[in-house]
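Reader: Hey, I've got this model open and I'm a bit lost. Can you walk me through it?

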Amino acid sequence: MLKKRIIPMLLLSQGRMVKGKQFSAFRDTGDPVSAARIYNAQFADELVFLDVDANRQGSDFEQLLNLIDKVSSECFMPLSVGGGVNSVEQVRRLVQSGADKVVITTAAIENPGLINDASAIFGRQCIVVGLDVKREDGAYRLYSHCGRHKTERELEEFIRDMTQRGAGEFIVNAVDRDGMMQGYDLDMIKCAKAVTDRPVLAAGGAGTFAHLAAAFQEANADAVVCASIFHFGDNNPIRARSHLLNAGVPMKLIK
Amino acid sequence: MNIGVLNYGMGNIKSVLNAIDAVGYDAHVVAAPDQLAELTHLIIPGVGAFGNAMANLASAALLEAIHDHVQQGRPLMGVCLGMQLLATQGEEGGVNAGLDLIPGVVRHLEVDGPVPHVGWNALIHHQEHPIFQGVKKHVDFYFVHSYYFAAQDRRHVIAETEYGASFPVVVGRDNIVGVQFHPEKSQDNGLKILENFCEWDGRC
């Protein structure tokens with residue numbers, strides 16, 4: 001049986017790891033390579049790296065490539081990487097540096113054909129579409145540019161479109177819940193799950209292990225993306241997995 | 001000990017090299033027939049389409065060198081696409097002949113679930129094999145694939161997995177073994193399999 005996944009997310013800024021609330025007020029949370037090593041030792045199922053400087057000054061793609069190269073030489077698990085990716089060439093360079101999957105967010109809205117092209121070249125399993133979503137006026141509205149620009153796209157039609165274009169999985173991030181540690185937006189995850197057969201990764205809001213269990217058991221998420229819960233507490237993927245196994249969620253067995 | 005990882009233009013081989021390095025062996029990249037003649041152990045990794053892979057092997061004159069390696073009793077491991085190439089033929093993008101080292105056909109996964117089959121999944125072991133020495137039976141490995149190895153002879157099926165249906169994911173015959181999952185992405189248990197392969201004398 002295919003297992004559910006716990007995926008720590010490492011946000012990057014100027015070569016450091018950071019974490020904010022609602023996509024702003026970023027705090028330094030340490031060295032990303034050290035953090036990746038620790039998550040590897042704690043048997044996280046995958047890692048996601050996102051450069052939050054993308055589309056603003058200070059973004060350094062070469063620095064991101066070097067980081068992934070370093071991490072992939074020590075962490076033997078799937079790595080997803082994104083942040084401002086807007087061309088097939090960038091996808092290629094990330095894959096060559098050791099990324100197994102590439103996360104595309106803003107460019108999926110502005111240039112949807114990129115998903116077709118990248119999926120045809122690298123395979124669907126390589127292309128992850130990220131969605132930054134706010135619940136507004138009864139609709140799930142998509143935001144671009146790291147949550148700063150409101151767009152015309154809505155969650156369900158966008159996921160249907162991206163599924164057809166060859167997206168391999170979706171990270172659905174609730175912008176208003178990001179960093180608040182009050183739980184995922186379960187309705188948002190359910191809506192996403194209802195319109196695609198591709199894996200849906202819940203992001204934005206996890207603060208307790210009960211929140212992780214709810215994402216799996218109530219919203220049928222395929223994976224939970226976690227940041228604050230591991231950065232700012234006495235929690236780690238080993239304890240999270242034990243809790244979820246006890247709650248009856250199928251998780252990877254390692255020993 | 002001379003461990004080679006075959007580079008034939010099918011995907012990133014760096015993670016396999018890094019993983020072998022992490023278990024304390026020194027593997028290097030091989031790409032030409034004369035380089036294969038020197039090896040004790042050969043790993044064929046790979047991500048991509050079956051037909052392209054066989055065409056690349058043929059145009060680099062590697063087919064005969066791979067068969068020579070096997071005939072001399074030296075261990076060979078195929079990983080993911082490299083495992084599928086061990087078959088008689090593949091059906092991805094038209095019917096193409098494979099290396100024909102283990103009788104079977106590589107077919108598209110027709111299961112009740114999304115394809116590709118991506119994620120951590122467990123094995124159903126049918127036979128013991130030296131590469132699984134010291135690896136617990138119930139642990140999970142990382143898979144990414146849309147095609148599977150339909151082995152002709154059950155004696156060549158070391159392990160299967162269950163994903164909507166059961167299908168072979170570890171095949172072996174004498175000094176040849178193939179794994180559908182990615183040991184280089186399967187953390188400690190995957191690394192143990194690579195370590196076991198590096199220490200394998202090719203006998204079962």
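Author: Sure! Keep in mind that this is a predicted model. A good place to begin is chain B, where eight strands form an open sheet in the order 2-1-3-4-14-13-12-9, with mixed pairing.

Reader: Which strands of chain B stand at the edges?

Author: Strand 2 (27–30) and strand 9 (124–125) of chain B do. Each has a single partner strand, so one side of each has no neighbour in the sheet.

Reader: And in what sense do strand 9 and strand 12 of chain B pair?

Author: They run antiparallel, with two bridges between strand 9 and strand 12 (residues 157–163) of chain B. His125(B), for instance, has Ala159(B) in strand 12 as its bridge partner.

Reader: What does helix 1 of chain B touch in the sheet?

Author: Helix 1 (residues 14–22) of chain B packs on strand 1 (3–6), strand 2, strand 3 (41–44) and strand 4 (76–79) of chain B. The direction of helix 1 makes about 160° with that of strand 1 of chain B.

Reader: Ok, zooming out. How many helices and strands does chain B have?

Author: Six helices and 14 strands.

Reader: How does the radius of gyration of chain B sit with a compact globule?

Author: It agrees: chain B has 15 Å, and a compact globule with 204 residues would be near 17 Å. Along the principal axes, the C-alpha atoms of chain B fill a box of roughly 45 × 40 × 30 Å.

Reader: What share of chain B is buried?

Author: Buried residues are 52% of the 204 residues in chain B. Also, take the contacts in chain B between residues at least 6 apart in sequence: 70% of them join residues at least 24 apart.

Reader: New topic! How many residues are in contact between chain A and chain B?

Author: On chain A there are 23 residues, in contact with 29 residues of chain B. The chain A side has nine nonpolar, five polar and nine charged residues.

Reader: Last one: how do helix 2 and helix 3 of chain A pack?

Author: Helix 2 (residues 61–72) and helix 3 (residues 88–97) of chain A pack at about 30°, and their axes are 8 Å apart. Angles under 35 degrees count as roughly parallel, so these two helices of chain A are roughly parallel to each other.

Reader: Which residues meet there?

Author: From helix 2 of chain A, Phe61(A), Leu65(A), Ile68(A) and Asp69(A) meet Gln90(A), Arg93(A), Leu94(A) and Ser97(A) in helix 3 of chain A. By class, that contact has four nonpolar, two polar and two charged residues.

Note on methods: Residues numbered from 1 in each chain as written. Chains lettered and ligands numbered in written order. Predicted model: local features only at pLDDT ≥ 70, side-chain atom pairs only at ≥ 80, totals over all residues. Pairing = 2+ DSSP bridges. Helix = DSSP H or I, 4+ residues; strand = E, 2+ residues; numbered from the N terminus. Contact = placed C-beta atoms within 7 Å. Axes fitted to C-alpha atoms, helices over the stretch in contact; angles between N-to-C directions. Nonpolar A, V, L, I, M, F, W, Y, C, P; charged D, E, K, R; others polar. Rg over C-alpha atoms; globule rule 2.2 N^0.38 Å. Buried ≥ 20, exposed ≤ 12 C-beta atoms within 10 Å, placed from the backbone. Parallel < 35°, antiparallel > 145°, perpendicular 65-115°, else oblique.
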